[in-house]
Amino acid sequence: VGIEAKGLSDDKGYGDADLFFRVFDETRSELPPASQVNLLTSAVKKNAFHREAWLAIGDATASGSLPQSSAAPQWEYLKTTFKEYPDFTFSMLGKFAKMFKAPDQKYAFYEAMSKYFLGLQRQDLVASLRIEEIDMCVAENRKDLGAQVAIGGTQECAGEGAQGVALAR
């Protein structure tokens, strides 16, 4: 709700962003991926808080339609712009993590983001991130990294209830 309210506080910018998003939404099956991405990035340039455009950018990143060279700057922009909305940033994390193909790159991304959320005093998000990171390590057959993440995460998030227990488990 906060994101939508912030976005709508700029009527002209939101209207322009929404136009780009609607064109994307109605024509995406007929457009090449590069044109789709251009429409979406144009939408967030017009209004950084157009939530639907961000969700579509996340989906494009997760599907591989948005290459890492384009997704990485979008992630940095989102992370900086949405500092007041860490829950939204976290909700996009898994989609953007898919821009990395190698387990070590994904691991470095998760580690950087854990520091980011710790800096925001959001141990609850760090615990959730650590659980997602462990799942990624197991899926990538890197149980060594997963064990390391679980031990560190347990120490960072000991007071986070069920999530702390899940890390310990």
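Is Ala43 buried or exposed? Select Ala43 and find out: at 0% relative accessibility, Ala43 counts as buried. Here buried means under 20% relative accessible area, exposed means over 50%, and partly exposed is in between, using a 1.4 Å probe and protein chains only.

Before you go on, some housekeeping. This is a predicted model, in which local features need pLDDT of at least 70, side-chain atom pairs count only at pLDDT 80 or more, and totals for chains, interfaces and linings use all residues. Residues are numbered from 1 along each chain as its sequence is written, and side-chain values use heavy atoms, with hydrogens and water left out.

**The whole chain**

Show the cartoon first. You should see ten helices and zero strands. Helices (H or I, at least four residues) and strands (E, at least two) are DSSP runs, numbered from the N terminus. Now switch on the surface: the chain exposes about 8500 Å², and carbon and sulfur atoms supply 55% of that area. Those areas come from the Shrake-Rupley method with a 1.4 Å probe, and for residues only the protein chains shown count as cover. Of the 169 residues, 42% count as buried.

A contact means heavy atoms within 4.5 Å. Take the contacts between residues at least 6 apart in sequence, and 61% of them join residues at least 24 apart.

**Stop 1: around Ala43**

Back to Ala43, which sits in helix α3. Leave aside its neighbours within four places in sequence, and Ala43 is in contact with Ala17, Phe20, Phe21 and Ala53. Add Phe24 to the selection too: its C-alpha is 9.5 Å from that of Ala43, and the two are 19 residues apart in sequence.

Next, select all of α3. Its 14 residues should span 20 Å at 1.5 Å a residue, and the end C-alpha atoms are 20 Å apart, which agrees. The expected span is 1.5 Å times one less than the number of residues in the helix. Colour the buried residues of α3: Gln36, Val37, Leu39, Leu40, Thr41, Ala43 and Val44.

**Stop 2: α3 against α4**

Two packed helices are described by the angle between their axes and the distance between the axes. Select residues 33-46 (α3) and 51-63 (α4): they pack at an angle of about 145°, with their axes 9 Å apart. The axes are lines fitted to C-alpha atoms, for helices over the stretch in contact, and angles run from 0 to 180 degrees between N-to-C directions. The crossing of α3 past α4 is left-handed, a label used if the near helix is turned anticlockwise from the far one by less than a right angle (right-handed if clockwise). Which residues meet here? Leu40, Thr41, Ala43 and Val44 come from α3, and Ala53, Trp54, Ala56 and Ile57 come from α4.

**Stop 3: α5**

Move to helix α5, residues 68-81, and pick Lys79. With a relative accessible area of 17%, Lys79 is buried. Its side chain makes a polar contact with the side chain of Glu76, at 3.2 Å. A polar contact is a pair of N or O atoms within 3.5 Å; within protein, one must be able to donate a hydrogen and the other to accept it, and residues adjacent in sequence count only if both atoms are side-chain atoms. Not counting residues up to four places away in sequence, Lys79 touches Thr89, Met113 and Tyr116.

Also in α5 is Ser69, which is exposed at a relative accessible area of 63%. Draw a C-alpha line from Ser69 to Met99: the two are 30 residues apart in sequence and 9.0 Å apart in space.

**Stop 4: α7**

Two of the residues touched by Lys79, Met113 and Tyr116, are among the buried residues of α7. Others there include Lys106, Tyr107, Phe109 and Phe117. The buried residues of α7 pack against α5, α6 (86-97), α8 and α9. As for its length, the 17 residues of α7 should span 24 Å at 1.5 Å a residue, and the end C-alpha atoms are 24 Å apart, which agrees.

**Stop 5: either side of α8**

Select Gln121, in the loop between α7 (103-119) and α8 (123-139). Gln121 has a positive phi of about 60° although it is not a glycine, and at 58% relative accessibility it counts as exposed.

In helix α8 itself, pick Arg130. Buried or exposed? Arg130 is buried, with a relative accessible area of 4%. A polar contact of 2.7 Å joins its side chain to that of Glu133.

Finish at Asn141, in the loop between α8 and α9 (143-156). Asn141 is not a glycine, yet its phi is positive, near 60°. At a relative accessible area of 61%, Asn141 is exposed.
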